[in-house]
Amino acid sequence: LIDNFGERIEGRDAVVEATRQLLSMDPDLNLRIDTIAEHAGDMLLRGHASASIPELAGPAMWRAALEKGLIICWQSFGPDQQAHLIDMLRGWAHKK
């Protein structure tokens with residue numbers, strides 16, 4: 001899992017937990033995919049994230065790297081003013 005600032009969470013269990021944390025932080029988070037393109041084995045997605053937390057909302061692009069039909073990497077790209085997602089997740093985990 002890579003945010004738009006290049007921060008990472010690695011490992012299946014850590015990414016699953018981060019996803020759970022993200023959905024706990026903002027249960028209204030929704031990714032709308034408008035276009036999908038394939039390039040060099042990666043899926044490139046363009047759309048919009050809607051969320052109750054303003055820093056998570058806005059236009060975005062995502063890259064999903066696939067291997068044997070499974071996502072092995074999910075990377076988000078958004079405007080520079082969007083939050084550091086990984087830092088938000090780490091901070092939220094410490095507040096719990």
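Colleague: In what order do the elements of the protein chain run from the N terminus on?

Modeller: This is a predicted model, and a good place to start is the list of elements. The protein chain has two helices and four strands. Read from the N terminus on, these elements run α-β-β-β-β-α.

Colleague: Thanks, that helps! What is the order of the strands in the open sheet?

Modeller: Strands of a sheet pair through backbone hydrogen bonds, either parallel or antiparallel. Here the pairing is antiparallel, and the sheet is an open one of four strands. The edge strands, each pairing on one side only, are S1 (30-39) and S4. From one strand to the next the twist averages 25°, and the order is S1-S2-S3-S4.

Colleague: Let's walk through the sheet, then. Which residue in S2 is the bridge partner of Asn30?

Modeller: S1 and S2 run antiparallel and are joined by nine bridges. The two strands also form a hairpin, with two residues between them. In the turn of that hairpin, Ala40 has a positive phi of about 50°. As for Asn30, its bridge partner in S2 is Ser50.

Colleague: And one strand further along, which residue in S3 is the bridge partner of Leu45?

Modeller: S2 and S3 run antiparallel too, and eight bridges join them. Look along S3 for the residue that bridges to Leu45, and you will find Trp62.

Colleague: Which residue takes a positive phi in the hairpin of S3 and S4?

Modeller: S3 and S4 pair in the antiparallel sense over seven bridges. Within this pairing, Ala65 stands opposite Cys73 in S4. The hairpin has two residues between the strands, and the positive phi, near 55°, belongs to Lys68.

Colleague: I also noticed Leu66. Is Leu66 buried or exposed, or somewhere in between?

Modeller: Leu66 has its place in strand S3. The C-alpha atoms of Leu66 and Met43 are separated by 7.7 Å, although the two residues are 23 apart along the chain. Buried means under 20% relative accessible area and exposed means over 50%. Leu66 has a relative accessible area of 38%, so it counts as partly exposed.

Colleague: Let's turn to charges. How far apart are the closest N and O atoms of Arg8 and Glu10?

Modeller: Side chains of opposite charge can pair when their charged atoms come close. The structure holds four salt bridges, and Arg8 with Glu10 is one of them. Arg8 is partly exposed at 45% relative accessibility, while Glu10 is exposed at 59%. The closest N and O atoms of this pair are apart by 3.9 Å.

Colleague: Which residue forms a salt bridge with Arg12?

Modeller: Arg12 is exposed, with a relative accessible area of 67%. The partner is exposed as well, at 60% relative accessibility. The closest N and O atoms of the pair are 3.3 Å apart, and the partner is Asp13.

Colleague: Now for Asp42 and Arg63: are these two residues buried or exposed?

Modeller: The side chains of Asp42 and Arg63 meet in a salt bridge, at 3.1 Å from N to O. This pair links distant parts of the chain, with Asp42 in strand S2 (residues 42-50) and Arg63 in strand S3, 21 residues apart. In a chain of 96 residues, 31% are buried. Asp42 and Arg63 both belong to that group: they are buried.

Colleague: Last topic: pockets. Which residues are the closest to the centre of the largest pocket?

Modeller: Rolling a probe the size of a water molecule over the atoms shows where empty space is left. About 800 Å³ of space lies in the largest pocket. Of the 31 residues that line it, the closest to the centre are Leu1, Val15, Thr19, Trp74 and Leu85.

Colleague: Which elements each supply at least two residues of the lining of the largest pocket, and how many of the lining residues are nonpolar?

Modeller: Helix H1 (12-25), strand S3 (58-67) and strand S4 (70-77) each supply at least two residues of the lining. Sorted by kind, the lining has six polar residues and five charged ones, and the nonpolar residues number 20.

Notes
Residues are numbered from 1 along each chain as its sequence is written. This is a predicted model: local features need pLDDT of at least 70, side-chain atom pairs count only at pLDDT 80 or more; totals for chains, interfaces and linings use all residues. Side-chain values use heavy atoms; hydrogens and water are left out. On a 1 Å grid over the protein atoms alone, a cavity is a set of points where a 1.4 Å probe fits but cannot get out, and a pocket is an open set with protein on both sides within 12 Å along at least five of seven lines; lining residues have an atom within 4 Å of a point. Grid points are joined across faces, edges and corners, and a volume is the space filled by probe spheres set on the points. Ala, Val, Leu, Ile, Met, Phe, Trp, Tyr, Cys and Pro count as nonpolar, Asp, Glu, Lys and Arg as charged, and the others, Gly among them, as polar. Buried means under 20% relative accessible area, exposed over 50%, partly exposed in between (1.4 Å probe, protein chains only). Two strands pair if DSSP finds at least two bridges between them. Axes are lines fitted to C-alpha atoms, for helices over the stretch in contact, and angles run from 0 to 180 degrees between N-to-C directions.
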